[in-house]
Amino acid sequence: MALSRVCWARSAVWGSAVTPGHFVTRRLQLGRSGLAWGAPRSSKLHLSPKADVKNLMSYVVTKTKAINGKYHRFLGRHFPRFYVLYTIFMKGLQMLWADAKKARRIKTNMWKHNIKFHQLPYREMEHLRQFRQDVTKCLFLGIISIPPFANYLVFLLMYLFPRQLLIRHFWTPKQQTDFLDIYHAFRKQSHPEIISYLEKVIPLISDAGLRWRLTDLCTKIQRGTHPAIHDILALRECFSNHPLGMNQLQALHVKALSRAMLLTSYLPPPLLRHRLKTHTTVIHQLDKALAKLGIGQLTAQEVKSACYLRGLNSTHIGEDRCRTWLGEWLQISCSLKVETRFLHVGQADLELPTSGDPLASASQSFGITGVSHHVQPILFFIEAELSLLLHNVVLLSTNYLGTRR
């Protein structure tokens, strides 16, 4: 072998006319075919390390998909009911993961560009609101899964109590309709109670005209008549002050409103009031973003979800009627003065809205006309008509399918 290599080298360097032997000819053919000296004989293995890894990964993925397909077909043939639950659970995990990535992308964009929640587009605001609600509901499952071997109990609880423990991604289509009907039945039970509280406070209203309008509105709703928009907006002043202002509502009234908004009512009244303010303010911010976007830009599912959030059971109502009702809601909501503002106090004077601003009268009603020197910045809340928007969940949705005006 050494001699043949020497002969080949001499012929290559000096152009020797020595005729190589049979063994040398065979090695030259291998060299011309692309294989180096001492390389493996199999051409299939002559690949770079990166190509080897790529081919190996492709092979593993292909085999995994084939095995997974056989497993799915086996479950579908022998365990059809379990296969349906398994498929929904896997798809639910994928949708939850996609929601988490989208929420993280929105939050990152907010942080980079210093954007507040109420400045986001409607769909991004709604996505963050829904994702926070889903994560809050999943916290209980996460807590009870911490002890060792508790995951077996968790799966059993999820199977037995899907409505209480699982979010919408893990519900079957039938469960989604049934569970939404159950939730609406819960909040509908509080509607007569809220109307009764409104009737009780009518004698406490000082203005005779407002007393008559509120009495007429309660009578229409009790008779099954859907109220007109101007009937509700005529009571703006009534819900801005005593006795129906947000801070003047009685504890039982606040609990009934919490149940109407599908919020827990087993908290102290101050916490319930704070949660109602926060929840209703978010809805009002969503309303302003939706009015800017336009109802016509929403899909059928987005319209139904928006109506359900605002008190209407949209699961059995047509898309056109949902759009009509949502338009009525926006007409009322966008007419109300519900604001949360940051007023930065300067070194000498406090900047207030001008007299042309509808919030100026509300500011003056709080007695803020000026401050002394060297006052720190403050946060100023204006919740002039937040209570009317909150009660609108009951007033506008109770008889929508009943007698029309």
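Colleague: Which residue follows α14, and what is its phi like?
Modeller: In this predicted model, helix α14 is followed by G311, and the phi of G311 is positive, near 110°.

Colleague: And which residues of α14 itself are buried?
Modeller: Helix α14 covers residues 300–309, and V303, A306, C307, Y308 and L309 are buried there.

Colleague: What covers them?
Modeller: The cover over the buried residues of α14 includes α5 (122–144), α8, α13 (269–293) and α15 (319–333).

Colleague: You mention α8, so what does L180 touch?
Modeller: L180, which sits in helix α8 (residues 173–188), touches Y308 and T315, leaving aside residues up to four places away in sequence. The C-alpha atoms of L180 and S314 are separated by 9.1 Å, although these two residues are 134 apart along the chain.

Colleague: Why does L180 count as partly exposed?
Modeller: Because its relative accessibility is 26%, and partly exposed is the class between the buried limit of under 20% and the exposed limit of over 50%.

Colleague: Switching to the interior, how many residues has the largest nonpolar core?
Modeller: The largest nonpolar core has 66 residues, and those with the most contacts inside it are L214, C238, L244, L276 and W329. Taking L244 from that list, its contacts include L198, V201, L214, C238 and H253, not counting residues up to four places away in sequence. There is also a second, separate core of 11 residues, which includes L141, L166, F170 and F179.

Colleague: L198 and H253 come up there; how do α9 and α12 cross?
Modeller: The axes of α9 (residues 191–200) and α12 (residues 251–260) come within 9 Å and cross at roughly 145°, and the crossing is left-handed. On the α9 side the contact is made by E193, I194, Y197 and L198, while α12 brings L252, H253, A256, L257, R259 and A260. Those residues divide into seven nonpolar, one polar and two charged.

Colleague: Where is the cis peptide bond?
Modeller: The bond from H242 to P243 is cis, with omega near 10°, and P243 is found in the loop between α11 (229–233) and α12.

Colleague: Which residue other than glycine has a positive phi near 55°?
Modeller: That is N114, in the loop between α4 (80–113) and α5, and N114 counts as exposed because its relative accessibility is 59%. L262 also has a positive phi, of about 60°, although it is not a glycine; L262 lies in the loop between α12 and α13 and is partly exposed, with a relative accessible area of 36%.

How values were computed. Residues numbered from 1 in each chain as written. Predicted model: local features only at pLDDT ≥ 70, side-chain atom pairs only at ≥ 80, totals over all residues. Heavy atoms only, no water. Axes fitted to C-alpha atoms, helices over the stretch in contact; angles between N-to-C directions. Helix = DSSP H or I, 4+ residues; strand = E, 2+ residues; numbered from the N terminus. Left-handed = near helix turned anticlockwise from the far one by under 90°. Contact = heavy atoms within 4.5 Å. Nonpolar A, V, L, I, M, F, W, Y, C, P; charged D, E, K, R; others polar. Buried < 20%, exposed > 50% of the residue type's maximum accessible area, 1.4 Å probe, protein only. Core = buried A, V, L, I, M, F, W, Y, C linked by side-chain atoms within 4.5 Å.
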